Amino acid sequence: MRNSIECTEQKLDQIYPYVLQAAAPAPAFEVGLHYLSTDRVKILEADDQTIVAEVLDDSSSFQQRIILENGSLITECSCSSPELPFCPHCVAALLAFQRQVTAAGQQSVSEETTDTKPVEGDGPVPAGTSPLRELTLFMEWLHVAGKALQGDDALPQQPDLNPGELMSITESIQMLHHHSQRNSARQVAQESELAARDKQLESSVQEVKEVYAVCEGLRQDVTSLRSLLARIARERDQSAEQLTSLVDDLILKKQSELESLTTSRHGISTALEALTPIDSQLLLEATAG
Ligand SMILES: [Zn+2]
């Protein structure tokens with residue numbers, strides 16, 4: 001993988017661990033730090049502008065070429081990690097280079113102080129030139145910082161260190177602490193959000209239960225309405241049959257009455273025809289009188 005990012009530093013030894021930590025993805029930085037602390041990084045060539053290194057992974061080794069030119073930091077690694085702008089191997093190579101530069105610097109300072117023996121009465125050695133003082137300040141700070149971390153308190157102020165590996169370590173610790181606090185705050189927020197969602201889910205389940213109960217009631221209502229309708233239909237059919245039978249009876253009765261009237265009328269006509277003319281005259285008088 002080959003990546004390139006803008007870089008304001010003029011030399012590779014100015015890319016301190018805290019600068020790298022701010023630029024690299026957190027997982028890549030942590031893995032790179034792990035490679036460094038387990039001595040898996042080998043610097044093959046290095047100067048102010050170029051680093052050629054090799055990192056041994058669990059099973060294979062990867063080669064890095066890191067170049068600083070024209071305001072860009074170009075990193076190349078033989079791995080296929082998609083992490084940008086640095087893979088863990090390039091992080092490890094830059095950290096190892098920084099450690100190598102710091103160690104070389106401390107060695108030369110130590111040699112200089114041995115060569116120029118202080119003259120008695122010249123006063124204390126200037127603070128910035130004493131690695132022992134730096135180490136003491138660092139150890140004191142680390143002790144207090146460790147206690148603060150155990151008690152979940154704020155970290156102490158940065159000790160008065162010169163730029164270099166010790167200062168980078170204190171800065172990295174502060175940055176890690178800051179990230180950890182931010183993550184804790186995020187976790188608390190996520191937990192509270194989760195609790196709110198749980199509550200919401202519970203209330204939704206309750207609502208669903210209520211709706212189900214209403215539906216069940218409606219289903220029972222529909223069932224009883226259906227049976228009522230069936231009963232009404234049966235009664236309607238029975239009434240219709242009774243009505244038909246009544247009408248039939250009535251028609252038969254009227255027919256029989258009509259037939260009997262017809263028979264009577266026929267009898268009367270026959271009797272009238274059988275009467276003599278005298279009888280008819282008498283009958284007319286009697287009717288008139
Ligand atoms: Zn890599």
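A residue counts as buried if 20 or more other C-beta atoms lie within 10 Å of its own, and as exposed if 12 or fewer do. Keep that in mind as you work through these exercises on a predicted model.

**Exercise 1. Which residues of strand β3 lie on its covered face, and which on its uncovered face?**

*Solution.*
Step 1: Start with the general pattern. In a regular strand, side chains alternate between the two faces of the sheet.
Step 2: Now walk along β3, residues 50–56. The covered face holds I51, A53 and V55.
Step 3: The uncovered face holds T50, V52, E54 and L56.

**Exercise 2. Find the partners of β3: how many bridges join β3 to β2, and how many join β3 to β4?**

*Solution.*
Step 1: Look at strand β2, residues 41–46. Five bridges join β2 to β3, and the two run antiparallel.
Step 2: Pick out some residue pairs. V41 has V55 as its bridge partner in β3, while K42 is matched with E54.
Step 3: Trace the connection. The hairpin from β2 to β3 passes through three residues.
Step 4: Turn to strand β4, residues 61–69. Seven bridges link β3 and β4, again in the antiparallel sense.
Step 5: Return to V55, whose bridge partner in β4 is F62. Between β3 and β4 there is a hairpin with four residues.

**Exercise 3. In what order do the five strands stand in the sheet, and which of them are at the edges?**

*Solution.*
Step 1: Read across the open sheet. The order is β1-β5-β4-β3-β2, with antiparallel pairing.
Step 2: Check the ends of that order. β1 (2–6) and β2 each have a single partner strand, so one side of each has no neighbour in the sheet.
Step 3: Add the twist, which averages 20 degrees from one strand to the next.
Step 4: Compare this with the order along the chain, where the elements run β-α-α-β-β-β-β-α-α-α-α from the N terminus. That gives six helices and five strands.

**Exercise 4. What span should helix α5 have, and how many of its residues are buried?**

*Solution.*
Step 1: Take the 110 residues of α5, residues 165–274. At 1.5 Å a residue they should span 164 Å.
Step 2: Check this against the model. The end C-alpha atoms of α5 are 159 Å apart, which agrees.
Step 3: Now apply the burial cut-off. α5 is hardly covered, with five buried residues among its 110.
Step 4: Name the buried residues: E165, L166, M167, S168 and T170.
Step 5: Set this beside the whole protein chain, where buried residues make up 16% of the 289 residues.

Methods:
Residues are numbered from 1 along each chain as its sequence is written. This is a predicted model: local features need pLDDT of at least 70, side-chain atom pairs count only at pLDDT 80 or more; totals for chains, interfaces and linings use all residues. Two strands pair if DSSP finds at least two bridges between them. The expected span of a helix is 1.5 Å times one less than its number of residues. Axes are lines fitted to C-alpha atoms, for helices over the stretch in contact, and angles run from 0 to 180 degrees between N-to-C directions.
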